[in-house]
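Reader: I'd like a close look at one spot in this model, and then a walk outwards from there. Could you keep it chatty?

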Amino acid sequence: SRRRILLGSCSVFAFAAGLLLFRLSKFGIWDPWELHRADDARRLLESGSGTRVAFGTWLVSQGFRIFGVHEWSGRLPIALCGLLCLWATYALTRRYAGPRAAMYASLVASTCPLFLFNARVMLGAAPDMALSGLLGLVAISALLPAEGSSEGAAGSGLWLAAALAVCVATTLTGGALQATLPPLGAAVAAGSLAWPTASRMRRVATVSSSLLLLAALALIARDVQRDASEYSIWLGGGSSGASPTTFDYVLEQVFHGFAPWSALLPLALSRLAIPAPQQAASPPRWAFAQACLIWLGLAYAAQTLFLSRYGHDVTFLALVPLAALVGVAL
């Protein structure tokens with residue numbers, strides 16, 4: 001059975017790699033959307049830039065630098081970030097829900113438009129998805145022990161150090177509001193749920209992460225109050241006077257982007273309303289599912305706030321918890 005699950009997981013990743021990498025050079029650049037990213041990357045490669053550029057633009061420029069200016073060379077770094085996002089989905093779900101759920105979660109993530117569209121074109125948000133997913137992986141692993149885990153203080157400390165490093169990376173590249181706050185908040189929630197049985201080191205990690213989360217919230221609130229037009233790494237943008245969207249805008253984006261698996265989200269969420277049997281059978285698995293739900297809620301709130309004032313047409317980054325919840329339910 002374990003061999004079949006391993007074979008299935010390898011097949012899912014091979015299938016996903018095929019979906020992402022096959023015929024990357026066989027369709028033209030999407031003009032004008034993808035062309036803008038390609039031109040910005042080419043100018044960055046040729047002359048450099050003293051101003052801030054998007055992380056995705058920098059990755060595209062590195063593809064141009066290594067392989068030459070081609071359609072596929074600009075798309076390849078984005079596609080590889082997509083595979084990294086899938087690995088984060090698999091690793092996180094496997095740690096708390098087992099290899100079978102991880103295999104399902106990876107399959108779900110790799111076959112939805114939200115993933116494929118953002119990982120096969122130069123303008124895709126796969127780099128920010130991958131970094132946000134990695135932050136969720138290392139931060140939750142630092143605060144929530146896996147069932148039957150023998151990790152000691154050293155292991156928890158390494159996870160926490162990795163979480164701090166990835167936290168800096170997500171804040172600098174995607175902004176704290178959308179890329180950092182949701183997975184960090186989910187990790188703090190997971191650590192709080194596991195507090196009664198947590199080791200001393202994990203309790204220290206939970207307190208430290210909570211203080212970091214509160215500091216990020218305070219800095220985000222400060223810049224919201226300032227309402228400045230300059231770029232803020234805490235907000236991931238500057239005040240642009242955009243017209244606020246209605247509350248259902250992000251929900252509609254997720255419903256269509258996560259299709260056809262969005263039809264299973266009510267089932268996955270309804271399982272969280274039956275705590276007693278699952279919590280008794282596997283406390284870490286139950287805490288992990290609750291953390292994914294909180295991750296989604298924070299991602300919804302963060303994107304809704306961002307769309308109200310600081311930008312438009314941004315992508316929902318919390319693909320990892322979406323796929324993990326459906327994978328666990330399946």
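Where does Ser 132 sit, and in which helix? Once that is settled, take me through the aromatic pairs, the core and the surface.

Author: Happy to. Keep in mind that this is a predicted model. Ser 132 belongs to helix H7, which covers residues 126-143. With a relative accessible area of just 2%, Ser 132 falls under the 20% cut-off, so it counts as buried. Set aside the neighbours within four places in sequence, and Ser 132 is in contact with Thr 170, Ala 179, Pro 183 and Trp 295.

Just ahead of that helix there's another residue to look at. Val 121 is in the loop between helix H6 (113-119) and H7. Loop or not, Val 121 is buried, at a relative accessible area of 4%. Not counting residues up to four places away in sequence, Val 121 touches Phe 27, Glu 34, Arg 75 and Ile 78. As for Trp 58, that residue is 63 places from Val 121 in sequence and 14 Å from it in space, C-alpha to C-alpha.

Now the rings. Searching the whole structure turns up 5 aromatic pairs. One of them joins Phe 13 and Tyr 90 edge-to-face, with 5.6 Å from centre to centre and 80° between the planes. Phe 13 comes from helix H1 (residues 2-21) and Tyr 90 from helix H4 (residues 71-97), so this pair ties together parts that lie 77 residues apart in sequence. Their surroundings are not alike: Phe 13 is partly exposed, at a relative accessible area of 22%, while Tyr 90 counts as buried, at 12%.

Then there's the pair made by Tyr 96 and Phe 288, which is stacked: the centres are 5.3 Å apart and the planes are at 20°. Tyr 96 is in helix H4 and Phe 288 in helix H14 (residues 283-309), so here the parts tied together are 192 residues apart in sequence. Both partners, Tyr 96 and Phe 288, are buried.

Helix H14 turns up again in the core. The largest nonpolar core holds 90 residues, and the ones with the most contacts inside it are Ile 140, Phe 316 and Leu 319. H14 gives the most to this core, namely 12 residues. To see what one of those well-connected residues meets, take Leu 319: leaving out residues up to four places away in sequence, it touches Cys 85, Ala 109, Cys 112, Leu 114, Phe 115, Met 129 and Phe 258.

Let's finish on the outside. Arg 4 sits in helix H1, the helix that also holds Phe 13. At 62% relative accessibility, Arg 4 is over the 50% cut-off and therefore counts as exposed. Arg 4 and Arg 100 are 96 residues apart in sequence, yet their C-alpha atoms are 9.7 Å apart in space.

The surface has a nonpolar side too. Trp 195, Val 207, Leu 211, Leu 214 and Leu 217 make a nonpolar surface patch of about 460 Å². Of these, Val 207 lies in helix H10, residues 200-226, and is partly exposed, with a relative accessible area of 42%.

Terms used
Residues numbered from 1 in each chain as written. Predicted model: local features only at pLDDT ≥ 70, side-chain atom pairs only at ≥ 80, totals over all residues. Heavy atoms only, no water. Helix = DSSP H or I, 4+ residues; strand = E, 2+ residues; numbered from the N terminus. Buried < 20%, exposed > 50% of the residue type's maximum accessible area, 1.4 Å probe, protein only. Contact = heavy atoms within 4.5 Å. Phe/Tyr/Trp six-rings, centres within 6.5 Å; stacked < 30°, edge-to-face > 60°. Patch = residues over 30% accessible without salt bridge, like charges linked within 9 Å, V, L, I, M, F, W, Y side chains within 5 Å. Areas by Shrake-Rupley, 256 points an atom, 1.4 Å probe, with all protein chains shown as cover. Salt bridge = Lys/Arg side-chain N within 4 Å of Asp/Glu carboxyl O. Core = buried A, V, L, I, M, F, W, Y, C linked by side-chain atoms within 4.5 Å.
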